[in-house]
Amino acid sequence: MNIVVLVKQVFDSEAKIILKNTTQIDDTGVTQGMNLLDENAVEEALTLKQKFGGEVILVSMNPVKTEKALRDALAMGADRAILITDPVLQNADEFTAAQVLAKAISTLNYDVILSGKASSDYQASQVPARIAEILGIPHVNVVVNIDIQGDKAVVTREVDGGSEIIEVPLPSIITAQQSLNTPRYPTVPNIMKAKKKELKVLSLADLGLTADEVAAKMSILEYSLPPVRKAGRIISGDPAQASAELASLLQSEAKVI
């Protein structure tokens, strides 16, 4: 079984966001790594490979050549990786990402495509569904269990208030929820091996794509940081006075009653 895993490199979830200006985020010195839900996708791919054999191929897109997320996934046990990088991808949106990734995937022999259900930066949850549409294959999202049965997959996905079981033919795209599994930690030997594994770097031209074909449909007008949170206030006094003051503040300042 050949399994493709979509991997995105994102800011560390604990990183402090600093703006260069209203349309650019400053990434100077910021720790970056693999999107957390993509780790679940990689783990599931490795589990399927252990059960059925085959190959785990990572595919990623980034406007600059940055390999950390892919090297981390290779250290988990993936076999090889493809990175599509090109300066014109600097302002890529979900349309752009789907077009580029789908083109790269179409050159591969695959039985299933796995991905996290969303990226931790934009949380759009669009790219896997768009890729499925381009490739003409089924897509199931927010999956918490995968059972491969021959040429089909029986998957359990989260829905409001419960879960549902869906049967889809392969190949298909399946996106992982965090509860799908627990990602493994790379061992030191595997970290060393990952440095020697194939990581092919491609440009848009290598894929036969032009900048116009993948031009973003959406543009960022402005980034803004949330307002600074006010410090809490301690209300002193006897219970009756404190309760009265609290009720007054909730009405006049917080405006919640």
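K65, E67 and R71 are linked in a network of salt bridges. This network belongs to a predicted model, and the structure as a whole holds ten salt bridges. Three further pairs are described below.

| Pair | Closest N to O distance |
|---|---|
| K49 and D79 | 2.7 Å |
| E55 and R80 | 2.7 Å |
| K152 and E167 | 3.2 Å |

The side chains of K49 and D79 meet in a salt bridge. This pair links distant parts of the chain, 30 residues apart: K49 belongs to helix 1 (residues 36-52), whereas D79 sits in the loop between helix 2 (68-76) and strand 7 (80-85). K49 counts as partly exposed, with a relative accessibility of 25%. D79 is likewise partly exposed, its relative accessible area being 25%.

A salt bridge also joins the side chains of E55 and R80. Here the connection runs between two strands, with E55 in strand 6 (residues 55-62) and R80 in strand 7, and the two residues are 25 residues apart. E55 has a relative accessible area of 23% and is therefore partly exposed, since that class begins at 20%.

The salt bridge between K152 and E167 has its closest N and O atoms 3.2 Å apart. Because K152 lies in strand 10 (residues 152-159) and E167 in strand 11 (residues 162-169), the pair ties together parts that are 15 residues apart in sequence. K152 is partly exposed, with a relative accessible area of 26%. E167 has a relative accessible area of 53%, so it counts as exposed, the cut-off for which is over 50%.

Notes
Residues numbered from 1 in each chain as written. Predicted model: local features only at pLDDT ≥ 70, side-chain atom pairs only at ≥ 80, totals over all residues. Heavy atoms only, no water. Salt bridge = Lys/Arg side-chain N within 4 Å of Asp/Glu carboxyl O. Helix = DSSP H or I, 4+ residues; strand = E, 2+ residues; numbered from the N terminus. Buried < 20%, exposed > 50% of the residue type's maximum accessible area, 1.4 Å probe, protein only.
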